[in-house]
Structures are given as C-alpha cells and as structure tokens.
Amino acid sequence: MAAIPDSQVGTTNVLAGLESTFADELGTLTVPWQGAEAPDPTLLILNEPLAATLQLDVEALRSVDGVGVLSGSTAPAGVQPVAMAYAGHQFGGYAPLLGDGRALLLGELENSDGQRVDLHLKGSGPTPFSRGGDGFAVVGPMLREYLVSEAMYALGIPTTRALSVVATGRDVRRTGAEPGAVLARVAASHLRVGTFEYAVRQGEVVQTLADYAIARHHPELTGLPENRYLRFFEAVVEAQASLVARWMLTGFVHGVMNTDNTTISGETIDYGPCAFLDAFDPAAVFSSIDRGGRYAFGNQPAVLKWNLARFAETLLALIDSTPDDAITAVTAVLNTFDERYHGHYAAGMAAKLGLADKPIDRPLVDDLLTLMEAHGTDWTGTFRALADELRGNPTPLDGLVPREQISPWLERWRGALTTHGREATATANTMDGVNPLYIPRNHQLDAALRAATDGELAPFEKLLEVVTHPFDRRDEWSDYATPAPKVFSDTFQTFCGT
Ligand code: AMP
Ligand code: MG
C-alpha cells in the first residue's frame, strides 16, 4: 500500500509531544496515511478540560493549523498518522480485514496522570481499509459520539473521550447530503479484540502485540516469568466484566458489540447505534441493523463473554505450546467471567439501592427488575424515585409503578435497609450520588442532533452541559429528567455506520 506523499508530511507543532510507539513497534499492523482535505473546516466543539489534561494549548487547537490537524487534513509535525489494521467478528461472522476505513491514529500523548493515550480521528477520509465505504462521517453521528462518550465519562464509566468535532464543509451522501465532520477522540488505546484476531493470522506479530498491550495496560505483568499471557487475558476479562456491569447498571445499550468494538483496555468504544433505556426491557434493541437482537440490552454480558472467547483464541500459542493445555487454561479463566460480572453487578445494585458494602439479597434485586419490566418503568427515574420515597415523598414512584404492586417489595427493601442500620435521609442522599438524574435521553439527543445538523448548536451544548452533570439536580433542568413520550420510544431507532 502506498505511503503518503512527502509533501503532506506535517509541519505544524500544534500537537507537540505526540509520539507513535504503536506505529514504531507494530508497523505491520498499520498503514501510514493522511486525512482528506477539508474544504471549509469549522470547529464545532472543543473539549477544553480534556485538552488541559493532555497539556495541549487550547488557543493553538483553535487556530487554523489546529483545526487543520483536528480535521485530519494537516498532519502534525514529527509523527506519521496511520490507519490501523484489524479484523473482527461482526454479528457473529468473521471478517478477516476491517481496519480504520474512515479513521486515523495520529499518535500518542501523555496525560496529566502520566498515562499514554491515543489521539485518533474518525471521519478523516478514505484509507486502504475503506472497502465499499466513503471514508467520511457526518455531523450528527460525530456529535452523538462526543456527547454520549462525555456523558459516560461523567457517569464514571470507562470510555474513550471526545476532544473535538470539526465540520469539514464537505457534503457527504447518506440518505441525502449531510454535512461532513471529523471527531477527534482520546483513548487508553485503540487495541481491540479484532486487532488480536488480525495479528494472530499474521504470525509472530501477535506476541509483539500482546507485549505492547501488556506494557501499556498492565505493566505490572511485564516481567512475569510464567503465565504472563494468561494473566493478561485474565486482566482483560476482569476489565470487561466490570465494564459491562456498569452498562447494565446504567441502562446503556452499546448496539454493535462486534469484536472490533471490544477494547483490550476495558473502555467503551465506538458509539454508533447506542442508546440508554427509558423503560426497563431486557429485550430492548435500538439499532436498525440488529434485526436478530444479538446485541439487545439483556444479552450484553453473554455477548461480551463470547467476544472474550474470540480473544482467548488469539492467545493460545502464547499461553502454552501444547494446544490442549492452552485451551484448558484459557477456559478456566473465561469461566470466571460470570462470577466476576455478577459480583460487579451485585455490588453496583447494592449501591443503587442504598445497601452499599453489604452483600445484597439477589431476589430483592430480581423482584424489583421483574416489577420494572412488567410496568415498563423508566430505568433511570426509578432509582431516584426510590430515594425520594425514603425522604417521605411518594409522588415520583407513584408516577412509575402502581403503589399496590410495589408495596410488598418496598417493605422488604426498607427491612434490608434497617437490618443494615441505614438511616433513611442519609441513605437517600448516598443513593443520589450513584444514581444519575440526567442521562442522554434518546428523544432529546435526537432533537439536538437534528438541530446541529441544521447549523443550530445551542440545544446540543445545553444537553451536553446537563448530561455531563448527571447527579446534580437543578430545577431548570427538570425536562431533561423525563423519559421520551411513548410515541417517540415506540419507533425510535439508531443507525450504524453513518
Ligand atoms: P464501526 O461500525 O464504526 O465500528 O465500523 C466497522 C468497520 O466499518 C470499520 O472497519 C470501519 O472503519 C468501517 N467503516 C464504517 N463506516 C465507514 C465509512 N463511511 N467508510 C469506510 N469505512 C467505514
Ligand atoms: Mg468500530
């Protein structure tokens, strides 16, 4: 594959300090590449607090050169952007070559915690991995990723973060012409299960990749004389079990949990057809392309475990030279997934119900979920309503579930709180610290993105402010705490690959 012409190698110093250890150490998994020209780049949004943690100069990022770099049309000085190769299981079927078909890894920066993070562009133009795609992205979906990833971050859920969105001035064909855009995002890394699936079929590079991933995400394992790769696998299983438990506790539906969208770092990545539940429903699917419901809300833990099995397969030769022994070893670790997941979920549920630090009675949780499912109760609203109930205000809960249906459960819950010696108001306040009041509600996000696509950013900016303060009640934000009207929810879908 052709490298970029010399004339396009970067000259701007906007991203001083950018390094490229991935491209240097794993060149066979990358193609040096350059973003497309942006006809009329405009910075729509810049995450200044995030820029500060990366020690980036906000004024420089806002300059013509800075916006050029953030749009992908200008390469930063000193490093060579690359498109990363990866494979992946998509809806269960194996695709041997996916890769960054509309994205580029600019390089890596050190953040203020001393961690190496990737700076990556999405929507920056065609690459050798574009296959049938145009290589571009449009304003609505890029702002969607910006807002949802920042909301996830504010909720304390491991996630890639959004640095900026630049409108490119290019018309991109979707259902009609839409304004093109490039998202710049920051991630612990862009190593995916799919990166390993690709590497293992290239031969020995999988060991270099595993060593790189260990050095970057689990340096404590670096010098381990024995079982290093098995411990690495276990660390990824743990990170992902914890992550998917957080999704389940927050009502988040990722929507496209292909192995190329499953990270090694344990961060949520690739916000495409994702959504938050309004009514609790384990079968909820929002993605228009997920016709079989493979990635339905309630299937997420099982799918994640399936993805981890695909990851395990890539490590077998590193774990033991005797294939049967390698399989036995990874299977034993993979089988810890359920217990790890349930442990994280139970601990999170205990906190949501004001019973933190104590083992929670599983039927108490299951019976609440059964009630919520039967009544199509708003997931986010219920836990805040339960705290209000403890403060002596029954109105919010009465709006969600018929009192006579939930009364027996409430008695059992109050009994559990008493057994644990919890005082009502203090418990309610603690619950409010873990149960968000504001999440990106599908109808509001949809409306904000439509306005932004038409050039009106104010509703987006307002929604972003609200969802990045998910726990602080403000009277003027009351509209943002309510679920979508039923007529919206009944037909709402999100679209992938847009
Ligand atoms: P995603 O669904 O965004 O995780 O992408 C899955 C695969 O499709 C990746 O290899 C992407 O690079 C590729 N892809 C998605 N959209 C486009 C596009 N517009 N042009 C080229 N490749 C794309
Ligand atoms: Mg992806």
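Student: Why is Asp270 called buried?

Tutor: Buried means a relative accessible area under 20%, exposed over 50%, and partly exposed in between, with a 1.4 Å probe and protein chains only. Asp270 has 13% relative accessibility, so Asp270 counts as buried. Keep in mind that this is a predicted model, where local features need pLDDT of at least 70 and side-chain atom pairs count only at pLDDT 80 or more. Residues are numbered from 1 along each chain, and side-chain values use heavy atoms, with hydrogens and water left out.

Student: What makes Asn261 buried?

Tutor: Its relative accessible area is 11%, so Asn261 is buried.

Student: Why is Thr74 called partly exposed?

Tutor: Thr74 has a relative accessible area of 24%, which is why Thr74 is called partly exposed.

Student: Which atoms coordinate the magnesium ion (ligand 2)?

Tutor: They are Asn261 (OD1) and Asp270 (OD), at 1.9 to 2.1 Å. Donors are N, O and S atoms within 2.8 Å of the metal (3.2 Å for Na, K and Ca); water is not among the atoms, so sites may look incomplete.

Student: What makes the pairing of Asp134 with ligand 1 a polar contact?

Tutor: A polar contact is a pair of N or O atoms within 3.5 Å; within protein, one must be able to donate a hydrogen and the other to accept it, and residues adjacent in sequence count only if both atoms are side-chain atoms. A nitrogen atom of ligand 1 is 3.1 Å from an N or O atom in the Asp134 side chain. For oxygen atoms of ligand 1, the distance is 3.1 Å to such an atom of Asn261 and 3.3 Å to one of Asp270.

Note on methods:
Chains are lettered from A and ligands numbered from 1 in the order in which they are written.
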